[in-house]
Amino acid sequence: MSTVTHVGEESTRAKAVTLPDMGGKSSGRAIKDQAARIVMWSAFVIACVPLVWILVSTLLKGGHMLASVDWWTLSQNGITARREGGGAAHAIQGTLIQGAVTALMSVPIGVLTAIYLVEYGRGRFAKAVSFMVDILTGVPSIVAALFIYALWVTTFGFQRVPFAVTLALVLLMIPTIVRSTEEMLKLVPNELREASYALGVPKWKTIVSIVLPTAFSGIVTGVLLGLARVMGETAPLIILGPYTKSMASNLFDGLMGTLPTMINQDRTEALQPAVDRVWGAALTLILIVFVLNLLGRFLGRFSKVS
Amino acid sequence: MSTSITGHSAIDDLPDPEGHGPHEGDRASTSRWGDRLFGGAAKASGLFVVLLVTLVGLFLIVQAVPSLLNNEANFLTSTEWVPSGAEPRFGIAALLWATVITSVIAMLIAVPLGVAVALFITEYAPSWLSKPAAVIIDLLAAVPSIVFGFWGLTIAGQYFQPVQDFLAGTFGFIPFFKDSGFSAKSTLAFAGIILAFMILPIITAISREVFNQVPTPHKEGALALGATKWEMIRTAVLPFGKPGVISGAMLGLGRALGETLAVMILLSTLNPSAPWSFSIFNGGETFASKIALNAGEFDSPQKTGAYIAAGLVLFILTFIVNSIARVVINRRKAFSE
């Protein structure tokens with residue numbers, strides 16, 4: 001912009017040269033520029049509307065549920081949609097257990113795959129792995145759930161148990177961990193590896209004691225973001241993990257309530273106690289997911305690479 | 001005892017304290033079994049991922065085929081869905097329409113909006129706002145799908161009613177905008193709008209990444225030639241970022257096609273005898289919402305197979321869309337390096 005006015009001034013001083021109108025502040029070009037600025041700002045504001053709106057309405061409608069101690073300590077055992085009371089402890093516990101078990105299974109596979117892609121992978125097989133990770137990233141959660149159903153229930157003849165849910169979630173979590181770990185490992189300077197090799201340290205030891213510790217906080221960030229993603233997933237729970245109102249901690253037998261299925265259970269009810277519980281569960285779920293998300297980003301700041 | 005060309009070396013005769021031969025080394029840290037084990041584990045994990053995707057496709061195909069063979073209707077063109085009984089008749093035409101139209105509406109809103117937000121974050125936002133703005137948009141992706149759906153149905157939906165009334169009233173003669181007697185919050189159009197906000201973060205994230213990589217000389221060059229900021233963006237930033245925007249849009253499309261809960265909560269299901277309609281103000285079911293809605297009905301292999309067949313089509317759709325996204329972004333990488 002300043003350049004344009006500058007050229008304009010030059011041409012008026014050197015009166016001999018008649019330049020075409022390069023445009024002052026009022027020209028069409030400047031108006032277009034201003035319009036673009038306004039469009040970009042309003043796009044951002046529009047994009048913020050749903051987030052703020054959702055947060056405000058869940059806070060207003062579910063906030064009072066979370067204020068009571070019962071919400072964090074009691075289950076919904078024996079409580080009907082008509083009655084108030086009870087808590088979401090069973091669902092919170094279920095969501096946390098399933099999330100933890102999912103992470104426990106996905107992290108080793110995801111991190112090792114990323115190590116393969118960055119440190120070992122050359123040639124065609126590595127390309128195939130990378131491509132498959134991309135495809136896995138795009139697999140809809142409902143398809144992952146159907147696959148586990150086809151494997152677990154139809155082929156093996158097992159019951160629908162919480163462990164099957166975690167298997168479906170593993171499918172969704174692996175690609176996020178692979179991608180974020182890969183990015184972090186790539187950021188580790190090659191000089192560190194070379195220095196280690198020069199001291200006679202074997203490759204695996206270099207990776208375990210030099211590369212991974214350097215990238216550690218970045219990897220943790222990726223794991224937490226991945227965990228935040230799978231904890232909010234509902235489709236696999238609907239296919240594989242029916243809801244129950246009572247406390248449950250056995251992954252291999254019976255049912256286990258979770259926050260998403262708790263929302264899904266009560267969302268069709270018109271009665272006020274049930275509606276309150278839906279908003280309460282929604283707020284709790286959002287809180288868990290956001291805390292994991294922000295914690296991951298915060299830890300990412302301490303990364304030694306990046 | 002080996003005889004070397006250089007003659008006899010003193011080290012050859014030195015007795016080794018631990019009984020090793022003189023040239024064996026101490027086998028301490030340079031031994032390679034650790035490498036083989038660790039490298040093997042890493043490669044096995046890679047193989048596991050490849051197998052996993054192959055198995056997903058394989059299992060879905062194997063379990064869908066028997067039902068498809070029993071199917072009395074044309075799977076691709078029929079709009080019926082009666083997967084059980086002696087003469088099952090089911091087809092995906094209606095599901096495909098609802099899935100595609102909601103995704104298209106979502107894309108029409110989310111791509112321009114997402115690119116504009118990415119431009120805002122990379123070019124327009126003051127430096128103090130740029131990072132928090134990016135985090136805010138990313139947090140939008142963290143809102144669980146089921147919460148999005150419930151919020152849309154119970155709170156946001158009513159505000160779409162006037163828009164639908166206006167469009168259906170003014171352009172109702174076009175079949176596309178015909179009023180179908182559904183409340184605005186449970187139509188394909190509104191589901192598409194909610195989907196738009198759900199896929200906005202991924203489009204913004206990927207566009208942002210490529211816009212950040214635009215070489216500064218390109219931008220400064222444009223400004224030095226007298227371009228305004230917007231002209232600089234149009235001539236330098238957007239052309240450079242185009243492949244990123246396309247692949248971001250494709251990834252967003254993949255998400256929109258497979259999004260389940262929000263769509264399932266919002267959309268009104270149609271009466272099986274309802275006449276076919278092209279209206280976006282109609283109800284309907286997408287692949288994902290149909291499967292999720294009927295999860296309790298997987299009681300016979302025939303029925304389950306029909307839903308798995310629908311899931312297979314969804315898998316193939318997202319596979320194609322994601323592959324395109326990947327090819328586009330990889331080609332850009334090849335050129336920019």
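This report walks through a predicted two-chain model, from the chains as wholes to their contact and a few helices.

**The two chains**

Let us begin with chain A, which holds 12 helices and 0 strands. Its elements, taken from the N terminus on, therefore read as an unbroken α series, α-α-α-α-α-α-α-α-α-α-α-α. Chain B has 11 helices and 2 strands, and along the sequence its pattern is α-β-β-α-α-α-α-α-α-α-α-α-α.

The table sets out burial and contact separation for each chain.

| Chain | Residues | Buried | Share of contacts (separation of 6 or more) joining residues at least 24 apart |
|---|---|---|---|
| A | 306 residues | 47% | 73% |
| B | 337 residues | 46% | 74% |

How does the radius of gyration of chain A stand beside that of a compact globule of 306 residues? Chain A has 27 Å, whereas such a globule would be near 19 Å. The C-alpha trace of chain A spans about 95 × 65 × 35 Å along its principal axes.

**Where the chains meet**

The contact between the chains draws 78 residues from chain A and 72 residues from chain B. On the side of chain A that touches chain B, helix α2 (residues 28–67) of chain A gives the largest share, with 19 residues. Sorted by class, that side of chain A has 57 nonpolar, 12 polar and 9 charged residues.

**A closer look at A:L171**

A good residue to visit is A:L171, in helix α7 (residues 162–187) of chain A. Is A:L171 buried or exposed? A:L171 counts as buried because 25 C-beta neighbours lie inside 10 Å, and the cut-off for buried is 20 or more. Leaving aside residues up to four places away in sequence, A:L171 touches A:L136, A:V139 and A:A144, and also B:L52 of chain B. Between A:L171 and A:V153 there are 17 Å from C-alpha to C-alpha, with the two 18 residues apart in sequence.

**Two helices with a bend**

Now to a helix from each chain. Helix α4 (residues 89–120) of chain A has 32 residues, so at 1.5 Å a residue it should span 46 Å; its end C-alpha atoms are 45 Å apart, which agrees. A kink of about 30° sits in α4(A) at A:S106, and the proline A:P108 comes shortly after.

In chain B, helix α2 (residues 93–124) also has its expected span, 46 Å for 32 residues at 1.5 Å each, and the end C-alpha atoms are 44 Å apart, which agrees. Where does α2(B) bend by about 30°? The bend is at B:A110, with the proline B:P112 following within four residues. α2(B) is mostly covered, as 24 of its 32 residues are buried.

**What the UniProt record adds for chain B**

An unreviewed UniProt entry annotates residues 96–325 of chain B as "domain: ABC transmembrane type-1". In the model, this span is 74% helix and 0% strand, and its end C-alpha atoms lie 21 Å apart.

The unreviewed entry also carries the annotation "transmembrane region" for residues 46–69, 89–121, 133–153, 188–207 and 306–329 of chain B. Among them, residues 89–121 are 88% helix and 6% strand, with end C-alpha atoms 51 Å apart. Another of the annotated spans, residues 133–153, is 90% helix and 0% strand, and its end C-alpha atoms lie 27 Å apart.

Methods: Residues numbered from 1 in each chain as written. Chains lettered and ligands numbered in written order. Predicted model: local features only at pLDDT ≥ 70, side-chain atom pairs only at ≥ 80, totals over all residues. Contact = placed C-beta atoms within 7 Å. Nonpolar A, V, L, I, M, F, W, Y, C, P; charged D, E, K, R; others polar. Rg over C-alpha atoms; globule rule 2.2 N^0.38 Å. Buried ≥ 20, exposed ≤ 12 C-beta atoms within 10 Å, placed from the backbone. UniProt positions renumbered as here; feature names shortened; annotations may be inferred. Expected span 1.5 Å × (residues − 1). Bend = angle between axes of the 7 residues up to and from the residue.
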